[in-house]
Amino acid sequence: MSQPVQTNQGSLILDSHKLSYHMDRVNSWEAGERIAPVSVDMSLTRGCGAMCSFCYAMMQESQSRSSVKTAHALNLLDDFKEIGIRSVSLVSDGESTLSPAYVPFIKHAAELGIDVANATNAWELTPEKIEDVLPHLTWVRFTVGAGTPSRYAEIMYKGPEHTKVFDRAIEHIKYAVEYKKKNNLAVTLGIQMVLMPDLKDEIIPFAQLGVDLGVDYAVIKHCSDDEQGSLGIDYTQYESMYEDLERAESLSTDNTKVIVKWSKIKDGDAPPYKRFYGPQFLLQISGSGLVAPSGMFFNARHSKLHIGNYTEERFKDIWKSERYWRAMDYLASPYFDAQTMMGTLPIQHYVNVALNEHLRGERRLKAGMEPKPLHVNFL
Amino acid sequence: MTKAKFIAWVDTDSPSPSVGWLERSIEERENGIRQILATKPEFSEHIDLSAVTNSGEVLVEIVTPMKASERGKLLLDVEEYLKEAIDQGLTVWLKAIGDKNSLRRLRGIKIGKI
């Protein structure tokens with residue numbers, strides 16, 4: 001895993017984990033106790049107006065989609081607070097800015113003292129919404145599929161001629177950057193490119209766009225695929241892009257860091273672990289309301305790992321149920337093989353690598369050094 | 001789960017289907033699973049067998065509407081029962097569902113191979 005990147009705001013960890021700052025949970029977990037996740041990654045809807053070619057949400061359709069009402073979302077946060085969840089990120093399998101619950105959810109999380117963050121294409125993150133939510137957010141990561149308008153429109157929408165979606169996103173990102181500066185907000189703003197093998201030519205334009213926008217970072221990550229290879233990602237092709245990726249990193253400035261998630265890119269489709277402990281620390285919830293240990297299991301195919309739906313019962317009851325712990329124990333048992341039974345490089349990958357090394361005695365986790373890195377509650 | 005179990009299982013290989021299972025024809029495997037499921041009405045009332053594969057995957061369909069809070073438990077119970085009764089290498093799955101997002105469907109991605 002890569003070292004933290006030093007930014008104007010502090011030390012930024014994007015290509016590793018922050019478990020060392022949550023040793024209370026690590027120790028309890030290792031002792032066999034039932035722990036609350038440190039962090040939850042979720043969406044307020046399965047809906048999205050984009051059609052990104054790299055989108056893992058295409059593989060995450062469950063049996064049914066429940067409509068997440070604002071009351072459900074706010075109750076969920078109350079339950080998070082009650083059981084001790086420290087952060088929530090609105091990423092997962094939908095575009096949360098489309099949900100009527102979006103602004104109330106972020107404000108309520110902040111009121112409860114739960115760190116809250118968001119990944120978005122920014123198309124519907126209007127200046128009004130930016131002003132409503134930005135003061136309460138720890139970070140916002142804008143999905144920017146490519147650095148040039150036509151390629152962006154081709155990857156994220158209907159075709160290269162639809163560049164209006166690029167223009168709209170850039171207008172909103174610029175507004176967020178300006179609003180942050182003007183109000184001296186602590187929020188970290190970044191853009192992210194999901195690198196597919198056919199996007200080699202977009203690496204440098206993307207990095208340059210990040211610098212030109214003045215966001216805090218521009219990150220490039222691998223593309224996940226499911227265990228059946230539905231997206232057809234050829235992981236052997238990433239190596240041919242290393243030179244461009246290094247060149248992109250060299251474009252970093254004092255204000256904008258260009259970061260490559262080397263660990264995930266180099267790990268490709270072969271995780272070094274067999275068991276999957278990460279969801280106990282970093283749980284995912286679908287925009288359909290489905291609670292499953294990881295987004296890797298949202299699809300109906302993985303129904304045996306579906307635990308409940310928080311629009312039908314309170315999350316705190318789901319977390320306390322035997323169902324929840326049976327699913328988590330299954331993933332930690334030999335009945336589950338992370339190398340063949342789930343997609344590549346889940347959101348819990350870094351955490352799981354660390355827990356696997358910890359258990360095997362290769363690299364025992366120990367309390368993290370001060371000062372704490374940025375976004376410490378987001379694993 | 002205890003610390004001892006965590007450590008004991010960290011590198012344990014997952015069970016593979018036995019030679020005896022692999023030597024059976026597809027028809028024999030499917031009949032064997034159907035017979036075993038039929039002995040448990042709490043399973044057979046809710047699920048149908050769709051297919052079996054050489055890697056031990058048992059593909060089933062849920063025939064009665066079921067909440068997320070019910071289907072996970074049922075399917076883990078079924079898998080546990082099949083492992084005990086037939087072969088430790090069997091795993092239970094449902095047929096994958098494709099994306100319902102009409103825009104993203106235009107990408108033409110086909111989900112799952114079985």
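Trainee: What makes up the contacts in chain A with a separation of 6 or more?
Mentor: Residues 24 or more positions apart account for 76% of those contacts, a contact being heavy atoms within 4.5 Å. This is a predicted model, in which local features need pLDDT of at least 70 and side-chain atom pairs pLDDT 80 or more, while totals for chains, interfaces and linings use all residues. Residues are numbered from 1 along each chain as its sequence is written, chains are lettered from A and ligands numbered from 1 in the order in which they are written, and side-chain values use heavy atoms, without hydrogens and water.

Trainee: How do you know whether chain A agrees with a compact globule or not?
Mentor: The radius of gyration is taken over C-alpha atoms, and the globule rule is 2.2 Å times the number of residues to the power 0.38. For 379 residues a compact globule would be near 21 Å; chain A has 19 Å, which agrees. The C-alpha atoms of chain A fill a box of roughly 50 × 45 × 45 Å along the principal axes.

Trainee: And why is chain B called compact or spread out?
Mentor: Chain B has six helices and three strands, where helices (H or I, at least four residues) and strands (E, at least two) are DSSP runs numbered from the N terminus. Its radius of gyration is 17 Å, well over the 13 Å that the rule gives for 114 residues, so chain B is more spread out than a compact globule.

Trainee: What makes a residue of helix 5 of chain A count as buried, and which ones do?
Mentor: Buried means under 20% relative accessible area (exposed is over 50%, partly exposed in between; 1.4 Å probe, protein chains only). In helix 5, residues 149–156, that applies to Tyr152(A), Ala153(A), Ile155(A) and Met156(A). Their cover includes strand 6 (139–143) and helix 6 (164–183) of chain A. Over the whole of chain A, 66% of the 379 residues count as buried; in chain B, 42% of 114 do.

Trainee: How do you know how much area is buried between chain A and chain B?
Mentor: Buried area is the accessible area (1.4 Å probe) that two parts lose on being put together, summed over both. Here that is about 4700 Å², with carbon and sulfur atoms giving 56%. In chain A, Arg301(A), Lys304(A) and Arg326(A) lose the most area to chain B, together 17% of what that side buries. The contact takes 58 residues from chain A and 47 residues from chain B.
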